[in-house]
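Thanks, everyone, for making the time this morning. Please have the sequence and the structure open while I talk, and stop me wherever something is unclear.

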Amino acid sequence: MIYWGLVVAQLVTFAAYVVVTAGAALLQQKANTLTLFDGLDPEALEATIKVYNEVFQSSTYVIPDPQQPQYQFQYQWWIIEYQFFLFAITAVLTLFPAFIPRGRIVALTFLATALVLVMDNVNALFFLLRNPTAIAVFEEYRIAVAQAGLIMVGVGNGLTIIFMGLFVLSIPVARGANWFLAGGGRRMDEEEATAAAAERIAAAAEDGTSLPVRLATDVVRFLYGGTGRREPADGGVVSASLLNAKPAVGGIGVESRGGGVLRVLFTVASDAVAVTVVRWRHELRRCVDSTAVFDVLSDREEAQHQALWPAFLAAKVAGKRAQFHRARLVVDGERMANMIYWGLVVAQLVTFAAYAVVTAGAALLQEKANNLTLFDGLDPEALEATIKVYNEVFQSSTYVIPYPQQPQYQFQYQWWIIEYQFFLFAITAVLTLFPAFIPRGRIVALTFLATALVLVMDNVNALFFLLRNPTAIAVFEEYRIATAQAGLIMVGVGNGLTIIFMGLYEHEASEAAAPHAHDMKSYA
């Protein structure tokens with residue numbers, strides 16, 4: 001049910017993408033052919049621009065650009081393109097659900113940022129749908145189509161977050177049964193084999209070669225049978241009471257009457273215990289001459305394993321590291337893990353360079369703001385007119401709040417974002433230097449990064465507006481704004497790369513002692 005819920009979420013998102021793209025195209029068409037300001041005398045033009053700016057400034061996320069209306073919905077187009085990028089990720093994961101456990105943390109982190117952007121823009125369009133001026137300029141049906149698409153996108157994103165977050169790969173797994181194939185020891189009959197099993201358990205407990213986890217209370221039974229079959233064979237049973245009397249389960253090496261190797265099967269009460277036994281197989285090998293572990297597979301697991309077996313053999317012939325993780329085959333996983341880790345290192349270097357550039361840009365803007373002489377020496381009437389134009393420009397940018405009387409505070413918000421970004425870089429850099437902590441710490445880092453990515457995108461949009469505005473360029477100089485803008489874009493790229501590579505990274509140091517700890521099947 002959860003998987004089909006995820007499929008429905010993708011269909012909703014795809015339909016939403018079509019509708020919101022159609023709505024944005026309708027609005028863009030109107031903006032490209034806008035004649036609102038044509039043929040007006042200077043006084044009427046000034047009054048019209050004033051009303052126009054007031055309306056769209058109030059919407060917050062639709063930045064007014066009366067001189068260049070073709071850029072009016074630039075930010076909304078970026079959000080649509082970003083949403084398509086996310087849809088591509090979630091659709092691929094939905095088509096190949098085996099990759100969801102590893103890839104969903106990346107997808108869900110990006111979806112969290114998209115959901116915030118969508119909700120902000122839904123609120124902006126609701127305002128425009130209630131405003132007579134906005135309706136007169138861009139026509140109600142155009143705004144309504146875009147709004148309906150955005151709401152559908154939000155619903156699709158929400159459903160994707162819910163169902164992908166709840167999804168568990170649903171291939172049936174045979175519960176809690178493992179084979180131990182043991183070699184060595186002398187010939188013995190069934191009675192002697194049972195006694196030998198008890199001795200092995202006791203010896204393992206005394207000499208420290210036992211499993212480092214208490215499994216005795218979870219073991220249900222021991223069976224042993226010949227090597228000709230995988231299924232449990234009729235044979236002697238080591239009683240649960242005997243096993244429960246011992247502190248741990250060790251390796252058992254017995255030989256059949258004919259001199260062949262004897263299989264010993266034990267069944268445990270839960271999957272977790274079986275996984276623990278398999279993980280510590282290298283401890284069992286210390287107890288006997290040779291030991292291999294076989295999980296008892298469900299029918300679907302067995303079929304999938306057989307289908308992947310040629311690929312496994314081909315990888316081995318090619319000299320690659322290959323192993324089964326129950327229902328999936330991992331080829332050269334160590335090399336892939338290294339590639340992902342170095343990708344994370346590159347992401348941190350990009351973020352560090354971005355931090356340097358954006359700090360330099362903000363410092364250039366701050367220097368200009370600290371020494372701003374725009375309002376010096378003006379008579380009251382000229383001062384009022386200058387402040388009016390100044391406020392209109394920077395209020396339209398939304399995120400660069402105008403302070404004509406105290407310009408030193410003009411970029412206060414941008415400095416806060418830079419400081420916040422440095423805090424996040426400190427977290428991600430430490431996790432990159434000590435990758436063993438990534439599995440535990442990345443959920444913290446990625447949650448913060450999701451919030452930072454939204455702030456960066458909002459401010460990139462604001463600075464793009466300033467770079468198009470002659471007044472802003474005249475006041476703060478183009479190269480200063482452009483430097484800050486370049487740094488912000490680099491920060492966004494660094495954050496995105498960090499989310500991708502840290503979300504995909506799997507630290508395997510805990511399995512170094514047993515490199516095939518999760519093998520679905522092993523052959524010794």
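Let me begin with phenylalanine 99, which you will find in the loop between helix 3, residues 74–95, and helix 4, residues 100–130. Please keep in mind throughout that this is a predicted model. Phenylalanine 99 has a relative accessibility of 55%, and because the threshold for calling a residue exposed is over 50%, it counts as exposed. Together with Val92, Leu95 and Phe96, Phe99 makes a nonpolar surface patch of about 450 Å².

Now to the chain as a whole. The protein chain has 17 helices and seven strands, and of its 524 residues 47% count as buried. The chain exposes about 24800 Å², with carbon and sulfur atoms supplying 63% of that area. If we take the contacts between residues at least 6 apart in sequence, 78% of them join residues at least 24 apart.

Staying with helix 4, let me turn to alanine 107, which has its place there. Alanine 107 counts as buried, because its relative accessibility is 3%. Which residues is alanine 107 in contact with, once its neighbours within four places in sequence are left aside? They are Ile89, Thr90, Leu93 and Met164. For one of these, isoleucine 89, I can also give a backbone distance: the C-alpha atoms of alanine 107 and isoleucine 89 are separated by 6.6 Å, although the two residues are 18 apart along the chain.

Next comes helix 6, which covers residues 140–166 and in which glutamine 147 is found. Glutamine 147 has a polar-sounding name for its setting, so let me simply give the value: with a relative accessible area of 3%, glutamine 147 is buried. Beyond its neighbours within four places in sequence, glutamine 147 is in contact with Val122, Leu125, Phe126 and Leu129. Leucine 159 lies in helix 6 as well, but leucine 159 counts as partly exposed, at 25% relative accessibility. The C-alpha atoms of leucine 159 and valine 7 are separated by 9.8 Å, with their positions 152 residues apart along the chain.

That brings me to the nonpolar interior. The largest nonpolar core has 30 residues, and the members that touch the most others are Tyr82, Phe110, Leu117, Ile499 and Met502. Helix 3, helix 4, helix 12, helix 14 (412–433), helix 15 and helix 17 each supply at least two residues of this core, and the largest share, nine residues, comes from helix 15. Phenylalanine 110 gives a view of the packing from a single side chain: leaving aside neighbours within four places in sequence, phenylalanine 110 is in contact with Tyr82, Phe85, Leu86, Leu453, Gly496, Ile499 and Ile500. There is also a second, separate core of 27 residues, which includes Ala354, Val358, Ala369 and Ile481.

Let me finish with the charged pairs. How many salt bridges does the count come to? The count comes to seven. One of them is formed by arginine 468 and aspartate 65, whose closest N and O atoms are 3.2 Å apart. Arginine 468 lies in helix 15, residues 438–468, and aspartate 65 in the loop between helix 2 (42–59) and helix 3, so this pair ties together parts that are 403 residues apart in sequence. Are the partners in this bridge buried or exposed? Arginine 468 is buried, with a relative accessible area of 18%, and aspartate 65 counts as buried too, at 5% relative accessibility.

Another salt bridge joins glutamate 367 and arginine 480, again with the closest N and O atoms 3.2 Å apart. Because glutamate 367 lies in helix 12 (residues 333–370) and arginine 480 in helix 17 (residues 478–504), the pair ties together parts that are 113 residues apart in sequence. Glutamate 367 is partly exposed, with a relative accessible area of 43%, whereas arginine 480 is buried, at 8%. Arginine 480 also forms a salt bridge with glutamate 477, the closest N and O atoms being 3.1 Å apart, and glutamate 477 is partly exposed, with a relative accessible area of 26%. Taken together, Glu367, Lys368, Glu477 and Arg480 are linked in a network of salt bridges, and with that network I will stop and take your questions.

Methods: Residues are numbered from 1 along each chain as its sequence is written. This is a predicted model: local features need pLDDT of at least 70, side-chain atom pairs count only at pLDDT 80 or more; totals for chains, interfaces and linings use all residues. Side-chain values use heavy atoms; hydrogens and water are left out. Patches are made of residues with over 30% relative accessible area and no salt bridge: like charges are joined within 9 Å, nonpolar side chains (Val, Leu, Ile, Met, Phe, Trp, Tyr) within 5 Å. Accessible areas come from the Shrake-Rupley method with a 1.4 Å probe; for residues, only the protein chains shown count as cover. A salt bridge is a side-chain nitrogen of Lys or Arg within 4 Å of a carboxyl oxygen of Asp or Glu. Helices (H or I, at least four residues) and strands (E, at least two) are DSSP runs, numbered from the N terminus. Buried means under 20% relative accessible area, exposed over 50%, partly exposed in between (1.4 Å probe, protein chains only). Contact means heavy atoms within 4.5 Å. A nonpolar core is a set of buried Ala, Val, Leu, Ile, Met, Phe, Trp, Tyr and Cys residues joined through side-chain atoms within 4.5 Å.
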